[in-house]
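Here are some notes to read with the model open beside you. I have grouped them by region, so you can follow each one on screen.

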Amino acid sequence: MTTNTRVVRAACPHDCPDTCAMHVTVENGVAIKVQGDPDHPTTKGVLCTKVSRYTERTYHPDRLLHPLKRVGPKGSGQFVPVSWDEALDEIASRLGAIAAREPEAILPYSYAGTMGFVQGESMAARFFNKLGASDLDRTICASAGAAGLRYTYGAGVGMHVEHFVDSKLILIWGSNPITSSVHFWAIAQEAKRRGAKLIAIDPYRSLTAEKCHQHIALLPGTDAALALGMMHVLIDEDRVDHEYIARHTVGYAQLKERVRRYTPARVAEICGISEDTITTLAREYANAK
């Protein structure tokens, strides 16, 4: 390295649970290389293709650096450069008219680009609050899971990904980690080599589903029914931890009453899978605890 070269420690800004640690090599104020941190226990120096090529994207000659205004029909590719002041004035004028009529019509849903405090959860909220459009759903992918975690653990937290290596059974439910969570998949493969069973629950036979011991291809949109069916079996066969339920849960009586109606026969009809698949899955889950 030259005297003007240094390595900066960083973390990936994307919305991914791996939160990869990175080493960014900077030369004369310009990032020239992005590498994973080999000492990071979860990722072990491995980055996904998108992030490992960050420098190419950042300094690509076709990257937009200034506003462009469309001057032709959509899809025609007709744009002209405009100043920042002109772009912001026109956007403000259009949004202002909508805000005067119905603020929430501007954007009923929004989400972060990258996950920094400023660009992720700070300026967007202030911006839309100023317009009067404050009632926004901030996610389209994890609302149910986040609610479940809060009810179960008290906060939206999960287990340490490296602990999966000690699992006896891993349910990969509606996920394709071969393409979306490469570090988890590596750990799942090590768990598999140690004897863990991998089951993919997904309407689509993804690359991950092909590599698992079993693929349960339920009908789209029936995941909740399958979960209720599994709970029905666990409760009906008394495979639940009564002490934990008594000490740490609320609403168990209501849950028990609800799942009573989701028999394996009914769930099999809803999900398009066999009764035996549902019962066996619930029993394997219980035995792996």
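1. A first friendly reminder: this is a predicted model. In it, the bridge partner of Ile 199 in β8 is Gln 214. That pair is a handy place to begin, since it leads into the sheet.

2. The sheet itself is open and built from 3 strands, ordered β6-β7-β8, with parallel pairing. At its edges are β6 (169-173) and β8 (214-216), each of which pairs on one side only. From one strand to the next, the twist averages 20 degrees. If you look at β7 (residues 197-201) together with β8, you will find 3 bridges, again in the parallel sense.

3. Which helix packs on the sheet and touches β6, β7 and β8? That is α14, residues 275-288, whose direction makes about 130 degrees with that of β6. Helix α8 (residues 182-193) lies across β6 and β7, and runs at about 145 degrees to β6.

4. Next, please look at the second largest pocket, with a volume of about 340 Å³. As general background, rolling a probe the size of a water molecule over the atoms shows where empty space is left. The lining of this second largest pocket consists of 18 residues, and those nearest its centre are His 14, Cys 16, Cys 48, Val 51 and Ser 180.

5. Where does the lining of the second largest pocket come from? Helices α1 (49-52), α7 (177-180) and α8 each supply at least two residues. The largest share, 3 residues, is from α1. Note that α8 turns up here as well as in the point about the sheet: this helix contributes to the pocket lining and also lies across β6 and β7. By type, the residues of the lining divide into 7 nonpolar, 8 polar and 3 charged.

6. My last stop is a pair of helices. Two packed helices are described by the angle between their axes and the distance between the axes. For α10 (residues 223-236) and α12 (residues 252-259), the angle is about 105 degrees and the axes are 9 Å apart. Angles of 65 to 115 degrees count as roughly perpendicular, so α10 is roughly perpendicular to α12.

7. Which residues meet where α10 and α12 pack? From α10 come Leu 228, Met 231, His 232 and Ile 235, and from α12 come Tyr 252, Leu 255, Lys 256, Arg 258 and Val 259. The residues of this contact divide into 6 nonpolar, 1 polar and 2 charged.

Notes:
Residues numbered from 1 in each chain as written. Predicted model: local features only at pLDDT ≥ 70, side-chain atom pairs only at ≥ 80, totals over all residues. Heavy atoms only, no water. Pairing = 2+ DSSP bridges. Helix = DSSP H or I, 4+ residues; strand = E, 2+ residues; numbered from the N terminus. Axes fitted to C-alpha atoms, helices over the stretch in contact; angles between N-to-C directions. Contact = heavy atoms within 4.5 Å. 1 Å grid on protein atoms, 1.4 Å probe; cavity = no way out; pocket = protein on both sides within 12 Å on 5 of 7 lines; lining within 4 Å. Points joined across faces, edges and corners; volume = space filled by probe spheres on them. Nonpolar A, V, L, I, M, F, W, Y, C, P; charged D, E, K, R; others polar. Parallel < 35°, antiparallel > 145°, perpendicular 65-115°, else oblique.
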